[in-house]
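Reader: Hi! I'm in my first year and still learning to read protein models. Could you take me slowly through one single part of this one?

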Amino acid sequence: MFGPRLFLFVVLNHLCVVKAINLKFYPCDNTTASNGDINVDCGHRGLTSVPKFKSPIVVSLNLNENLIQRVKREDFSDLPNLQNLSLMWNCLPGRLKALRLPSCKVRIDQDAFVNLKNLSSLYLVGNSLDTIPLLPQRLQVLGLEFNNIFHIEKPLGTPFLKQLLLSKNCYYANPCNQSFSIDTRVLQDLPELRNLTLGFNNITTVPVQLPPSLESLDLRENKITEITKESFANLTKLRYLNLEWNCQRCDHAAEPCFPCPNNASLGLDPGAFHDQRSSLSFLSLRGNSLHYLPKNIFAQLSRLKTLDLSDNFLAYSIHNGTFFEELQKVVSLNLLYNYQPMKTFPELILSPYMSRMRALKKLSLSGFFFHQLSNYSLEPLFDLPKLEYLDLRMNFISSCNVTAFSQLRALRMVVLSQNMLAFNPCYKAISMDIQLTSMTLSDRKREDPLENQEDPYFRSELERNSGQCAEEDCPINDSMWYLQRCHCYGKLSFNLSQNNIPWLNASTFKGMENAVCMDLSYNYMSQTLSGQQFSPLTKLIFLNMAHNRIDLYFDDAFRELRSTLKALDLSNNEFHFLMRGIGHRFEFIKNMTSLEALSLANNNIGLRISNILRSTSLKYLFFSGNRLDIMWDTRGDQYIRFFQGLIKLRYLDISDNQLRSFSPEAMANLPKSVQVLRVDSNILNYFPWGNLSTLAQLCFLNLSGNHLSNLPDIAVPFGPKLSSLDLSHNRLTAIPESFFSQATALKDLRLDHNQLKIIEKQVLPSSFKSAICSTAFKTKNCKLTLHANPFICSCVTSWFAEFLRGSPLFIPHLTTDVRCGFPESQTGVNVLAIDPRSCQEIFGSVAFLFTSLLALAATTIPILKHLYGWDLWYCFQILWAGHKGYTSLQGNSMVNNDHDAFVVFDTQNKAVRDWIYNEMVANLERRGRWQFKLCLEERDWVPGVSCIENLHNAVYNSRKTVFVLTNNGSFSSVSGIIRQAFLLVQQRLLDEKVDVAVLVLLDSVFPKVKYLQMRKRLCKKSVLSWPKNPQAQPLFWNDLCVAIASDNVKSYDKKVTESFLSHELL
């Protein structure tokens, strides 16, 4: 009768396996948009050919960073609605590829893309292509950078193309030893082209007959020597134009430099940008060796907002040039590194025409090289009502009149870093004589010149936030950089880092009284702060004094800032902490009543310091890079309460402290308000998991980068708010089943880079099965990282791959880096690539033979049963009776019994089990004058013997059979072992005329069962009830001993006839 069911089970199981190994887009990831469209990501998977997919709803396919060498015409034939195809970085050309890689070239069939009628964007970057394949007519974006395409002669056949990207096909890192050329017919055939990039291509002249539809043109780093009036004629829609580094300035170049002949400047016709007068908004003329600018070249550019003139020779034009009056609409002007060779000016002098730039917001004057910044220096800027950002770094300034900045009404950021400022009349970096003489460039060589990068303080009004640091529910990603950004956006800030400031006093900050943020990092301050140095800074909120030598011993340090300062960076001030025998104190912290964030990172703090930090306002403490391993040494508890006084602390970073263990006492003495605890990058081999309950507010715990190898097999009290746990980069080999049983709020679990071989499904937190995680793959609400673990891939663990395929959790790197580590034959294979049907190939033939026989049996047995079932059964019974014959049943005597009583009870009822083992066994086997030998199912049955045989032996080899019953286990509802035992007792009564039943009723109220009522009438001593009164329990045990030891038949009521006994009872 099991044949059809077994066959059906095998078939269904087989179907499940087939489903599991046929992932539609494996080995790629795929995401589904809200409209049902599918985006497939096959990037960085080591593919050597285009995978074959068949789907009408795939709209995007990413094949970047693979090893594909050939693209055939049929590779995309089953993706008729493909809209975006990215096939980049499969074979880098020339010097761009790694030396260990052989030379290669991607070959594309000419008609490989033609039939993709809906394709709108095609990226073929970095494939060593030397020709362009045929393209679909409706293509809008074509990327061909980093190839070997030098000549384009035939039209592309893409009249709807809007972007054509051709940069870096011929330059010093990808040499072609010839000039790049593009036929005029190609450009004329692109009537809707908006963006054209031709940078880094050895182009000597601006291509002619450019499409008038162009809005963006990139011609950077070519060899164009002249821009004529006709170069950009008819480009009336051009908004972005990049002409930088065509006639390069080479005296401080960081990369190979190619100047124009005779070091000439880029030739600029005064009418070069005439046709862009009402469209151009961005123009870069950087690095073109310009000594002057033609008059009126910018005059008609009414929409110009950003102008880059850096890395030229415009030093004297900045002094007295008139072109500034043509830039009245410019918002950002970059004049970086326009210094005059072999010359350093004694003072900054700006052209008076600069005062006409009424719209200017950002001005960069780094690398101009001058010594003095006076009120006269900045006078042309006083009339600029919108100037917010002024960059004067890297100018060798030794004297600065800071009060001049107060006349710039809108100023929000002043960058004076990388100069020679000392702000001390007794301290001069260089003598006055040297200041007034020229300085040679060889005295200040720079390997990496400062690039034109926007300072993190500067943002436009639209990008700038309100300046308030909004508190997050769980501040996981907060840092000093983040706090600096949110406190300083839109507020007056001074950057004085990397100067020669030896010490501070109140006069240092003259002219900076309204500063909200101050950066004094990377100076030479080795000063004991007395509480007076910062007294003029009555509005200061953020102060950066990192990378100095500040002495923090006295209580009055920073006292003058106690009511305003919110963030203080004292990291990398380890000079005094490294001095042996010197004491250090942090008492100043408790006096700073507004301080919310403090960084003491990388100070090597370990000995002779304050025993405890105290603050009623501090919320963020960065204490990484110190020596808590010394402070929390188990030989003493001097610093065990070091953080206890920070009663409002939310964020504690004690990473990189060389901690080998984290004692329970240290955990118990952390502030109860901590929400984020970072203990990563230590060498922990022990963590007090059982004490986590002391941190009830904890939402993020980072233990990555330690040496944890074992987790305790306990239910860790993670707390109701812990949502993120990072255990990555440890040495974990297994996750105990009960470890995450109380992690009810966990949504982000990181287990990557460990030694995990298997993860059982039941060990995952219960929160991963909640409704909020059911759509985690789309929303990424719940994340589980598992990559870089040596998982076992075998038949026993095949469910693991099935779980990964069907899990709704977001699992990063699932199809790329979740790989097998065992057995050796599967090392490096992706877990999802394992076919669970194959398991071990050595058993393949045996499995085939077994399944074949099973299928044959499942087919023939039901047929034979249907046709000859009764005949076969009858014949079998006759033959079996003839073979075995008849033997009488054994056990007619009760003399030789193995046990005094076989106790039958409901093993699933915990209360009954406790009563049996704690009361009955104790009173009948171990106490009293009668010590009986009991037979219990769970204790005395023989392993390996069938259940019915064990039951038969227990009934027939025991003097009595004691039934322990409760109201729920009465005869009206009992089943299983109890019912079978009762039937065997009745059979024994029939065969041997022996009544061995004894009933023990644990409940006082029982249903009126006929057998129970008759049993009480027939043999009252064989039915016992557990008394409610504890004083009556000894009498109960005495009656039970008598019932087990005596013969039931002799205790029968004499009024009951034998016929009644023989028929009615049974």
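**A sheet and the helices around it**

Author: Happy to! In this predicted model, let's look at an open sheet of five strands, whose order is β43-β42-β44-β45-β46 and whose pairing is parallel. Strands of a sheet pair through backbone hydrogen bonds, either parallel or antiparallel. At the edges you will find β43 (934-936) and β46 (1023-1025). Each of these two has a single partner strand, so one side of each is left without a neighbour in the sheet. As you step from one strand to the next, the twist averages 25 degrees.

Let's zoom in on one of those edges. Strand β45 (residues 997-1001) pairs with β46 in the parallel sense, over three bridges. To find one place where they meet, go to Leu1001: its bridge partner in β46 is Ser1025.

Now add the helices. Helix α14 (residues 910-925) packs on the sheet and touches β42 (899-904), β43, β44 (958-965) and β45. The direction of α14 makes about 160 degrees with that of β43. Helix α17, in turn, lies across β42, β44 and β45, and runs at about 140 degrees to β44.

Helix α17 also has a helix partner, so here is a handy idea first: two packed helices are described by the angle between their axes and the distance between the axes. For helix α16 (residues 947-956) and helix α17 (residues 977-992), the angle is about 50 degrees and the axes are 10 Å apart. That makes α16 oblique to α17, and the crossing of the two is right-handed.

Which residues in α16 and α17 meet? From α16 come Cys947, Leu951, His952, Val955 and Tyr956. On the α17 side they meet Ile977, Gln980, Ala981, Leu984, Val985, Gln987, Arg988, Asp991 and Glu992. Sorted by class, the contact of α16 with α17 has eight nonpolar, three polar and three charged residues. You can try the sorting yourself: Leu951 in α16 and Leu984 in α17 count as nonpolar, because Leu belongs to that class.

Finally, step back to see the setting. The secondary structure of the protein comes to 20 helices and 46 strands. Buried residues make up 50% of its 1066 residues. Among contacts in the protein with a separation of 6 or more, 66% are between residues 24 or more positions apart. When you return to the model, try following the strand order β43-β42-β44-β45-β46, then look for α17 lying across β42, β44 and β45.

Note on methods
Residues numbered from 1 in each chain as written. Predicted model: local features only at pLDDT ≥ 70, side-chain atom pairs only at ≥ 80, totals over all residues. Heavy atoms only, no water. Axes fitted to C-alpha atoms, helices over the stretch in contact; angles between N-to-C directions. Helix = DSSP H or I, 4+ residues; strand = E, 2+ residues; numbered from the N terminus. Parallel < 35°, antiparallel > 145°, perpendicular 65-115°, else oblique. Left-handed = near helix turned anticlockwise from the far one by under 90°. Contact = heavy atoms within 4.5 Å. Pairing = 2+ DSSP bridges. Buried < 20%, exposed > 50% of the residue type's maximum accessible area, 1.4 Å probe, protein only.
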